[in-house]
Amino acid sequence: MTTREQSDVAPAMTLDTSGLLCPLPVYKAALALEGMERGQVLELLCTDPGSLADIPAFARQRGDRLVEVDDRGELQVFWIEKGAGG
Amino acid sequence: MTTETQPASSTETQEVTPRRLALVASKGTLDQAYPPLILAATAASLGWEVGIYFTFYGLDILHKDRFEALKVASIANPAGPLQVPNIVGAIPGATALATKTMKRWMEDSEMPSIPVFIDIARDLDVTFFACSTTMGVMNVTDADLIEGCDIAGAAAFLDYAATADVQLFI
């Protein structure tokens, strides 16, 4: 099941971190967001068991907006809208 | 399924001094070198400013001749990769085996090696403070350290840590 706040915003980029453990998903996501414009959405795929806690914290700390979390069991899909941060 | 969102206005108020993490890395074994570097890489990825003070055995993580050859203790390390009695852990080759086992765990989990983590931390502008007292006590010179270290005593590190939001000793 999926809930979207802004389902009309398509991700500008998809980053698959399947198989990677902390801190690599957030490290790679930070690098990806660095190259994106404010307001663009990064689709982040994670299998790290901590990602349901980590990715919301990551977005909050950076000042990005988490517009969607889709928990598919082993895989979690996050939509992160880049904020004013780096 | 969970959905978490922030008010749109929150991004407007983020333009302030970044949070700061001050770490002390005091241990020089392979297993104990990971936690400070993982925390540093994570915090820097969150947009935080990060400094690690490498002191006593932790200075080995910055030592040119040692940082690529950190080891895991095979004795007095009951949680380590070699689950054997101390008497067995003391035999020649046991430390090498414990070290090899941990390196294999890391490789199998696609976790970067310590040298790669050091590069990641440097790319993220993490400050590496090399403890000047340790350098004096253990005869380590500036030339023995990897590039980009700031040599500092406790006063300089405490000055940095005083304005940190999170301070941890590892």
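Helices, of at least four residues, and strands, of at least two, are DSSP runs numbered from the N terminus. With that convention in mind, the tour of this predicted model may begin.

**Chain B as a whole**

Please select chain B. Six helices and five strands are found in chain B. Followed along the sequence, these elements of chain B appear in the order β-α-β-α-α-α-β-α-β-α-β. When the view is turned along the principal axes, the C-alpha atoms of chain B occupy a box of roughly 60 × 50 × 25 Å. Chain B has 170 residues, and 35% of them are buried. If one considers the contacts in chain B between residues at least 6 apart in sequence, 68% connect residues at least 24 apart.

**The nonpolar core**

Next, select B:Leu23, B:Leu37, B:Ala40, B:Ala41, B:Ile52, B:Phe54 and B:Phe129. These belong to the largest nonpolar core, which has 62 residues, and they are the members that touch the most others. Which helix supplies the largest share of this core? Helix H1 of chain B, residues 30-45, does so with 10 residues.

Now centre the view on B:Leu37, one of the members of the core that touch the most others. Once its neighbours within four places in sequence are set aside, B:Leu37 is in contact with B:Ile114, B:Phe117, B:Ile118 and B:Ala121. Displaying the side chains of these four residues together with B:Leu37 shows the partners in question.

**Two loop residues with positive phi**

Move to B:Ala76, in the loop of chain B between strand E2 (49-54) and helix H2 (86-89). Although B:Ala76 is not a glycine, its phi is positive, near 55 degrees. Is B:Ala76 buried or exposed? A residue is exposed if 12 or fewer other C-beta atoms lie within 10 Å of its own. B:Ala76 has 9 other C-beta atoms within 10 Å and is therefore exposed.

The next stop is B:Asn139, in the loop that runs between helix H5 (132-137) and strand E4 (149-152) of chain B. Phi of B:Asn139 is about 60 degrees, a positive value in a residue that is not a glycine. B:Asn139 counts as exposed because it has 8 C-beta neighbours inside 10 Å.

**A cis peptide bond in chain A**

Finally, select A:Cys22 and A:Pro23 and display the backbone. The peptide bond leading from A:Cys22 to A:Pro23 is cis, and its omega is near 10 degrees. Where does A:Pro23 lie in chain A? A:Pro23 is placed in the loop between strand E1 (13-16) and helix H1 (24-34) of chain A.

Notes: Residues numbered from 1 in each chain as written. Chains lettered and ligands numbered in written order. Predicted model: local features only at pLDDT ≥ 70, side-chain atom pairs only at ≥ 80, totals over all residues. Buried ≥ 20, exposed ≤ 12 C-beta atoms within 10 Å, placed from the backbone. Contact = placed C-beta atoms within 7 Å. Core = buried A, V, L, I, M, F, W, Y, C linked by C-beta atoms within 7 Å.
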